[in-house]
Amino acid sequence: MTWLRGRDPDLAATRRAGRTALVMPALFALCSEVLHSPTMASYAAFGSFSMLLLVDYSGPMVERLRAQVALAVAWLVLICLGTLAAPWLWLAVAGTVVVGFAVLFAGVVSSVLAGSSTALLLAFVLPVSAPVPLSQLPARLAGAGLAAAVALPAVALLWPRPVADLLSAPAAAVCRAAAGYLRIRAALPGPDGPEADAERCRAGAEHIARSGTQLRGVFDATTCRPTGLSATSRALVRLVDQLTWLCGVLVDRSEYTDDPPACDPAAHTVRGAAAHVLEAACDLLTDLDGDTGPLRTRESDLRAALAGMEHSSTVQVPAEHPGGTSTAEVYGFIATLDVSFRAQELGFAVLQIAQNVDMAATAWQRSWPERLLGLEPGALTAPLSSARERAVAHLQPDSVWLHNSLRGAVGLGIAVFLAGVTGVGHSFWVLLGTMSVLRSNALSTGQNAVRAVLGTVAGSVIGAVLLRLIGHHGTALWFVLPVAVLCAGIAPAAISFAAGQAAFTVTLVVLFNIGHDPNWHIALLRVQDIVLGCLVSVLVAVFFWPRGARAAVHKALAEAYDDSARYLGHAVDHALGHRAPGAPDPQGRAAAAAARRLDDAFRNYLAERGAKPLSLSCATTLVTGVVGLRLAADAVVSLWHGEDLARVQAVRADAHRAVLGSAALVTDWYHHFAASLGGRTAVPDAVPLRPEGAARLVESVRTELSDGQGRATPVAVRIIWTDDHVDAARRLQPALSEAARAQARAQHRRAGRAPAGLTPAPGAGPGPGPASSPHGRSGDPDSAR
């Protein structure tokens, strides 16, 4: 059992296999021996196999049963379509391509549909591969309907899956670690002196980093986003990006001057309020049935603290002092708002997290009728809108999910055509071979094809030996069937893909020989059908986007950085009055869609078997950089939301041109960086500081954005904070450049040639290092305290 738990965490595969081993033979026996309907027996067996072994829905029991009912209805519809199309080869091929694409592409909508794709394909492949008169359609539907009727109580009563969400526990751990770190920061300076404070902060920052890495690891470990259509699932998956960003915000710190500025006391208040919010969010994530009242109360307290800090920040800015124009004096002026900006950035991130946790808990606590009807809190059409957005996001030529859906659909269509033309017996086996091994590139498909053939040969030999030993005692096969089903369910997870293929082959050999004189020759003949299906998979993989997920990751990264940089530029334009309210929305949606495509490309890359030619650490740095860039734009939009009068005042001041100039330089860098990821240009150096732009900003605040008493106005504070958000995007650049160069060096080493294009781009100046920059980032989160 210890060995099995090590190979099958939480015994998930064992649970599914055990249920199926009980139900599938029982239904097959009922239909074949009691009802005397071989057709009904076959569809009851395959239906229960699909609904109990090939799917394992998560969430509350009501949602699982709803998903099972939806799967059953889809099975009945697909059986009808497959039966109607099967007699005509051209219609069977066309129908297979259309249905195959629809089923595979629908997986972009949610993990529920993605996890159901194999089961749904089996529902169509089974009837379309065996043409029969329409008079047998009722028996097919009756068998599948019986399987569905038994699957519902089996899922609910036979070793039910624990009610848990993959992301709740690690997300709660990040919230807990962040709250603890904020309490440490809010209590500084401590009673034990600077060294003790620095050590406590360093330990807290390391704890946050570990928690964030664990959360991202859980998220990236699945081949599709671990989310369904429900509001709870969608809210929890949004938390991953937000918590990743929060971790970066907490350990990130500016150094405008050698001596850190005096801290605004209101910033300590904001940190304390944010810690309270994160603790309440942690409690709700641990128990989604908990009371949402404390979280909402603490959200209100945090908003009040942020409003108070914005008011007090106007006092911190010494607008009435003429000051100097040297670089140190200019950045010293801006540094008076640095601590407040960090708190404002933190507060925005924490409020976004709290809103998603609140939505997740509220959706989780819906009544049974609301769940049954799919009513979402606050938006009845949210699931359909979300599904449409996800699907549209992947209707792009470079979408890996689109490639895989087309590849799978065309592969199945070719398999149906070849099975019909060659007239092989049991063409169902040809389609099974195609379904089993088709992957995202030719190499992976070829590897899986070899494993599938070896597994099928081994399974056929084992099946033939069993049939030879049993001889005319066919009744013994009834005792072998549950064991074969159990092994077919456990072997892929506990042993290997080839072992699972072998066990599944044994199951089919036993199933097709029950009730007949055992014929071991037929078991060996099935190998040729599986080989034909595997060859189809390899052929399609070679001719349809054979580069695989690695090349797709680079393209998706380039698109994501392009769209996110465009979103940031439009957000700053909107903030400073150049665009009408709501202008950044299309760019925000485009950036989110590009991030989804990147997410799926990265998952496909991680899911591919074999060595990873790209450094996972560098690839992860590049992927999470998109998150920081996009959320920086979100923060700018939120900072000026509903402030139309302030935006009008801002556009009249010379300060807005300084911020727009900085934003243009930063976003242009990201566009060039995106081009370098596609291999078209060299990786650019990070944008250096522009003291002249900062000086213009400071001068405008002193002369144009002061009130009658010579004090800075809230508009001035917002403009400086907007510039800080832009600068936060700039400070991501050195790490991104280094990651991209490391990837390029590794690729050139594998290619056996000297790396080209790693020198600074033409016209790019040397990027300032941490020691030379008055406005850089420190690797030690406490070095500027």
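**Val77 and helix H4**

I started at Val77, which I found in helix H4. This is a predicted model, and I kept that in mind throughout. Is Val77 buried, partly exposed or exposed? Its relative accessibility comes out at 46%, so I logged Val77 as partly exposed; the window for that label runs between 20% and 50%.

Next I looked for company around Val77 on the surface. Val69, Val73, Val77 and Leu81 make up a nonpolar patch there, and together they offer about 310 Å² of accessible area.

Then I turned to the buried residues of H4. My list has Glu63, Arg64, Ala67, Gln68, Leu71, Ala72, Trp75, Leu78, Ile79, Gly82, Thr83 and Ala85. I noted that Glu63, Arg64 and Gln68 are on that buried list, along with Leu71, Leu78 and Ile79.

I also checked the length of H4. The helix covers residues 61-85, 25 residues in all, and at 1.5 Å a residue I expected a span of 36 Å. The C-alpha atoms at its ends sit 36 Å apart, so the span agrees with the expectation.

**Whole chain**

I pulled the overall numbers next. The protein chain has 30 helices and 2 strands. Of its 785 residues, 54% count as buried. The exposed area is about 31600 Å², with carbon and sulfur atoms supplying 63% of it.

How much of the contact map comes from residues 24 or more positions apart? Counting contacts with a separation of 6 or more, I got 83% from such pairs.

**Aromatic pairs**

My search of the whole structure turned up 8 aromatic pairs. One of them is Phe28 with Trp478: the ring centres are 5.8 Å apart and the planes meet at 50°, so I filed the pair as tilted. Phe28 belongs to helix H2 (residues 12-34) and Trp478 to helix H20 (residues 477-494), so this pair ties together parts 450 residues apart in sequence. Phe28 has 7% relative accessibility, which means it counts as buried.

I then opened the pair of Trp245 and Phe348. It is edge-to-face, with 5.8 Å from centre to centre and 75° between the planes. Trp245 is in helix H10 (residues 231-251) and Phe348 is in helix H14 (residues 338-364), so the link joins parts that are 103 residues apart in sequence. Both partners came up buried when I checked: Trp245 has 10% relative accessibility, and Phe348 has 8%.

I also jotted down a cluster. Tyr561, Trp669, Tyr670 and Phe673 form one aromatic cluster.

**Positive phi**

Last, I went through the backbone. Most residues other than glycine have a negative phi, so I flagged the exceptions I came across.

Where is His36? I found it in the loop between H2 and helix H3 (38-52). Its phi is near 55°, a positive value in a residue other than glycine. With a relative accessible area of 61%, His36 is exposed.

Trp159 also made the list, with a positive phi of about 50° although it is not a glycine. I placed Trp159 in the loop between helix H7 (137-157) and helix H8 (168-186). Its relative accessible area is 43%, so I wrote Trp159 down as partly exposed.

Definitions and conventions:
Residues numbered from 1 in each chain as written. Predicted model: local features only at pLDDT ≥ 70, side-chain atom pairs only at ≥ 80, totals over all residues. Heavy atoms only, no water. Helix = DSSP H or I, 4+ residues; strand = E, 2+ residues; numbered from the N terminus. Buried < 20%, exposed > 50% of the residue type's maximum accessible area, 1.4 Å probe, protein only. Contact = heavy atoms within 4.5 Å. Areas by Shrake-Rupley, 256 points an atom, 1.4 Å probe, with all protein chains shown as cover. Expected span 1.5 Å × (residues − 1). Phe/Tyr/Trp six-rings, centres within 6.5 Å; stacked < 30°, edge-to-face > 60°. Patch = residues over 30% accessible without salt bridge, like charges linked within 9 Å, V, L, I, M, F, W, Y side chains within 5 Å. Salt bridge = Lys/Arg side-chain N within 4 Å of Asp/Glu carboxyl O.
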